[in-house]
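Student: I would like a close look at one part of this model, followed by its surroundings. Please keep it brisk.

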Amino acid sequence: MPTFLHQRPLHGTLSDPYPLSPRQSSSSQRQISLFSRTGLIALLSLLLILGVILPWTDTPSIFSATKPASLAKWQQYTLPQAVAFVAKNKTVIVCAVSQPYLPFLSNWLISISRQKHQDKVLVIAEDYATLYNVNERWPGHAVLVPPAPDSQSAHKFGSQGFFNFTSRRPRHLLHILELGYNVMYNDVDMVWLGDPFRYLEGNHDVYFTDDMAAVKPLDHSHDLPPPGKKGRTYICSCMIFMRPTDGAKLVMKKWIEELKAQPWSKTKKANDQPAFNWALNKTAGQVDLYLLPQVAFPTGGLYFKNQTWVQETKGKHVIIHNNYITGFEKKIKRFRDYSLWLVDDHASESPLGKL
């Protein structure tokens, strides 16, 4: 989520700056033939670098030199072009993904495909490998908004790379709103069990879910919950729906401001969610906000840790979020334990096919 490769100059191994003349002795200089053992090894090494390793680095100029124009063209693909291509009824579903999370992307897409909403999905690729990989399999459904963050560290929760990765989110969403589209954002460690659009009642600016695991009444209020111990709410920034209103744009602008005011540091390993909550709290009087029903959009701390509640509310769950746990393999195991890791047996249902 590969270190950059530095290619040596090609002279010296495959070429001789002082070619042999017929009078030169073979004992003083030996010409390397491409059909000799040394020549073949050198040639294979070069082909490996050019054909396999370099295409997966995050250096677009290197990639475009070794990939067909059909893939290299995606470097010039813009967010407005991508949104216009995928949107249906002026609505787009957005996620942000880096290469290590491609299996989660595919898993999420399978669940969305079962609800017939996959055509409006736009993948915001956070590295060039993801951009090319998705568009090669599913043309037009991935875009990269430069500059790409460091994909190596973007998946480690609490790291500066993770903060840099997630802090780009409100800028992407604000841009889409300013283009005049409704936008739903999901993290890809989610699985759809039903159609969430049926729950977007009314004509509110911003819809969101509570990240608290405490059980709410089925008829709970849809207002912004009261602040917690830290003086702010605990709304999840991983499932958001917004209409292109002034209110929604205000929340995104405030989110960006709060992220600037709360930068990541080694002592304060911030993420984007507290800033999102401050943005909601500080704009609540100016924006029409709507809390989605907990029974349909439970946090992972409730769904995976309170089986009594799960059984009592069976059949009412719509999107399951695999949070309240960190670690790539741990998330996969938990999904498998609950029969929610769909890519094992249903990869053909993903628009990406089998990765």
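Student: How far is the sulfur of Cys-236 from the closest cysteine sulfur, and which residue holds that sulfur?

Tutor: One caution before the numbers: this is a predicted model. The closest cysteine sulfur to that of Cys-236 belongs to Cys-238, at 3.5 Å. That is too far for a bond, because a disulfide needs the two sulfur atoms within 2.5 Å. Starting from Cys-238 gives the matching result: its closest cysteine sulfur is in Cys-236, 3.5 Å away. The structure as a whole holds zero disulfides. Both cysteines are buried: Cys-236 has 2% relative accessibility, and Cys-238 has 10%.

Next, helix 8, residues 169-178. Seven of its ten residues are buried, so the rest of the structure largely encloses this helix. The buried set is Arg-169, Pro-170, His-172, Leu-173, Leu-174, Ile-176 and Leu-177. Just after the helix comes Gly-180, with a positive phi of about 95 degrees.

Helix 8 has a packing partner in helix 9, residues 246-261. Their axes come within 9 Å and cross at roughly 155 degrees. That angle is over 145, so helix 8 runs roughly antiparallel to helix 9. The crossing is left-handed. On the helix 8 side, the contact uses Arg-169, Pro-170, Arg-171, Leu-173, Leu-174, Leu-177 and Glu-178. On the helix 9 side, it uses Ala-248, Lys-249, Met-252, Lys-253, Trp-255, Ile-256, Leu-259 and Lys-260. By type, the contact residues are nine nonpolar, six charged and no polar.

From His-172 of helix 8, a contact leads to Val-145. Val-145 sits in the loop between strand 3 (142-143) and helix 7 (160-167). Beyond its neighbours up to four places away in sequence, Val-145 touches Leu-79, Arg-168 and His-172. Its relative accessible area is 23%, so Val-145 is partly exposed. Val-145 and Thr-78 are 67 residues apart in sequence, yet their C-alpha atoms are 7.2 Å apart in space. The next feature is a cis peptide bond between Pro-146 and Pro-147, with omega about 0 degrees. Pro-147 also lies in the loop between strand 3 and helix 7.

A second helix pair is worth a look. Helix 5 covers residues 102-113 and helix 13 covers residues 328-337; their axes come within 11 Å and cross at roughly 25 degrees. These two helices are therefore roughly parallel. Helix 5 passes helix 13 in a left-handed crossing. Pro-103, Phe-104 and Asn-107 make the contact from helix 5, and Phe-328, Lys-331, Ile-332 and Phe-335 make it from helix 13. That contact divides into five nonpolar residues, one polar and one charged.

Last, two backbone details. Tyr-324 lies in the loop between strand 9 (319-321) and helix 13. Its phi is positive, about 60 degrees, although Tyr-324 is not a glycine. At 38% relative accessibility, Tyr-324 is partly exposed. Asn-89 is also a residue other than glycine with a positive phi, near 55 degrees. Asn-89 is in the loop between helix 4 (79-86) and strand 1 (91-97). Its relative accessibility is 73%, so Asn-89 counts as exposed.

Conventions: Residues numbered from 1 in each chain as written. Predicted model: local features only at pLDDT ≥ 70, side-chain atom pairs only at ≥ 80, totals over all residues. Heavy atoms only, no water. Buried < 20%, exposed > 50% of the residue type's maximum accessible area, 1.4 Å probe, protein only. Helix = DSSP H or I, 4+ residues; strand = E, 2+ residues; numbered from the N terminus. Axes fitted to C-alpha atoms, helices over the stretch in contact; angles between N-to-C directions. Parallel < 35°, antiparallel > 145°, perpendicular 65-115°, else oblique. Left-handed = near helix turned anticlockwise from the far one by under 90°. Contact = heavy atoms within 4.5 Å. Nonpolar A, V, L, I, M, F, W, Y, C, P; charged D, E, K, R; others polar.
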